[in-house]
Amino acid sequence: MANLDNEIKLLKDNILELMFLVKNQLEKGSKALDQFDEELAHEITANEKRVDSLELTIDRDCENLLALHNPVAVDLRFVMASFKINSDLERIGDHANSIAKYILDFGKAMDKETIQKMKVDEMYAVSLKMMSNIFNAFITEDTKLARKVFKLDKRLNEINREVSGLTTELIQEDVEQTQNYLYLFSIVRKLERVGDLTKNIAEELIFYIEAKVLKHQKMKSQNNNSSDS
Amino acid sequence: MEVKSEASGPKATRVKTEPRVNSENQTYKLRAKNIDVFYGDFQAIHDISLDIIDNSITAFIGPSGCGKSTFLRLFNRMNDYIDGFSMNGQILLEGQDIYDPSVNVEELRKKIGMVFQKPNPFPKSIFENVAYGLRIQGIKDKDFIEQRVVESLKQATLFEEVKDDLDKQALALSGGQQQRLCMARTLAVKPSVLLMDEPTSALDPISTAKIEELITELKKKYTIAIVTHNMQQAGRISDNTVFLYMGKLVEYGDTQKIFTNPEKDRTQNYITGRFG
């Protein structure tokens, strides 16, 4: 048994490391965009390999746990949740990497006023808050904290919808800035996906801790017991 | 006795588990009511009540010495032979109290067959092993006996392997074949309940798989209660699982529920291997 406990602890540590790394990737993206820091953007693309490698390690951990330890009940739910969280984190890492590539492709600082107008800074702030929530919820096994993510994701979806119309208006107003607007709109779309993936992670955490399946359920029931963040 | 929870995992929100009924027509084949069992001064079972659904497989799990085998043996009065055995409560088979003084124990055991941990064929031929129960019932009709032997061997999925060697010594068979022979011997007297006390613990994985397949097939006609130390086996073959600890019933319910989200911390700790 000690062996299974050790394996589960190892898996937990690896998931935490990946969460930390991916959150860091997003934070760096926010700074790189704000300050047009090309070095930081390159750092993100270089770290993408670490994200992928950690994902493979966690996949192998899960496979070994299932094959060698036949986990049941809470242990089985943990392995199943970890397997999906792993994939969600890797995809968040991919989005962070894509954003870094947009920054590098654009090749110059993006207009700060437009960044604010298109609410990219708010998107970053909300998605980073969501990442922090799931990070802490994973460590403390606090599902109340995990549930706060659902409301935050709703905000990201709202901004995404608003910005979609706004981008069209901005382009019509100033066609020369089209490329700038499109890059920022692409970043908004990536961060909206980050929100969806983070929400998936929160659902997996709740499945592991409470044995409740929240997937494909309406927002109202997901927010059950949750309060404002 | 209340033991402090040893849960190391998070607290899951658990729903109450109930035995699973597969169809509306199913009824309770066996009912145990407020059972206490004593061996001399030692109380092995403490006030257990549970119902076993017909045409289902009920697995009994729990650490060594928790009372699983004692409880199983109550159903065919095998404990009667143990010195100092006494009990309170009632065991009902199809509504009849099997401990009523008017009950003929031999007749009872025709209805409730048992297979043990170690295959225990008699030192006789394969044919005679299966025919044994019929012969002691006084049946002499050779054709009838032969027909029943073949039928039972087929039911136990052994016939194809031994059909040309029915006169061969049963002890020459492999462990897995011997266990299936013991099952055929039990089935020959047409019981309605099969009790199995760790029937595969002495067998290799292939033989275990065959026995498990056989048990699952037999469920269609029989009510089966099985004691097992193999958690995966309980999960694979049973409809309902009973978890006993120190002679007490901790949890009884749908196997799927017990192995994914048990109601009690102690069940979770046992099935995840954290104690026991």
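**Strands, helices and the contact of two chains**

Val115(B) stands opposite Met196(B), a residue of strand E7 of chain B. The model is a predicted one, in which local features need pLDDT of at least 70 and side-chain atom pairs count only at pLDDT 80 or more, whereas totals for chains, interfaces and linings use all residues. Residues are numbered from 1 along each chain as its sequence is written, and chains are lettered from A and ligands numbered from 1 in the order in which they are written. Helices (H or I, at least four residues) and strands (E, at least two) are DSSP runs, numbered from the N terminus.

The pair formed by Val115(B) and Met196(B) introduces the strands E6(B) and E7(B), the latter covering residues 193–197; these strands run parallel and are joined by four bridges. Two strands are said to pair if DSSP finds at least two bridges between them. Both strands belong to an open sheet of six strands in chain B, with the order E6-E7-E8-E3-E9-E10 and mixed pairing. At its edges lie E6 (112–115) and E10 of chain B, each of which pairs on one side only. From one strand to the next, the twist averages 15 degrees. Axes are lines fitted to C-alpha atoms, for helices over the stretch in contact, and angles run from 0 to 180 degrees between N-to-C directions. Helix H6 of chain B (residues 175–188) lies across E6 and E7 of that chain, running at about 170 degrees to E6(B).

At the other edge, E10(B) pairs with strand E9(B) (residues 240–245) in the antiparallel sense over six bridges. Within this pairing, Phe243(B) has Glu251(B) of E10(B) as its bridge partner. The hairpin of E9(B) and E10(B) has two residues between the strands, and Met246(B) takes a positive phi near 50 degrees there. Why is strand E10(B) (residues 248–254) largely enclosed by the rest of the structure? Five of its seven residues are buried, so the remainder of the structure largely encloses it. Here a residue is buried if 20 or more other C-beta atoms, placed from the backbone, lie within 10 Å of its own, exposed if 12 or fewer, and partly exposed in between.

Chain B holds a further hairpin, in which strand E1(B) (residues 28–39) and strand E2(B) (residues 42–53) pair in the antiparallel sense over eight bridges. Leu30(B) stands opposite Ile52(B) of E2(B). Two residues lie between these strands, and Gly40(B) takes a positive phi near 65 degrees.

Attention now turns to chain A. Helix H2(A) (residues 38–69) packs with H3(A) at an angle of about 165 degrees, their axes being 9 Å apart. H2(A) is therefore roughly antiparallel to H3(A); angles under 35 degrees count as roughly parallel, over 145 as roughly antiparallel, 65 to 115 as roughly perpendicular and the rest as oblique. Helix H6(A) (residues 143–173) and H7(A) have axes that come within 9 Å and cross at roughly 160 degrees. H6(A) is thus roughly antiparallel to H7(A).

Finally, the two chains meet: 13 residues of chain A are in contact with 15 residues of chain B, contact requiring that the C-beta atoms of two residues, placed from the backbone, lie within 7 Å. On the side of chain A that touches chain B, the elements giving two or more residues are helix H3 (73–106) and helix H7 (178–210) of chain A. H3(A) supplies the largest share of that side, four residues.
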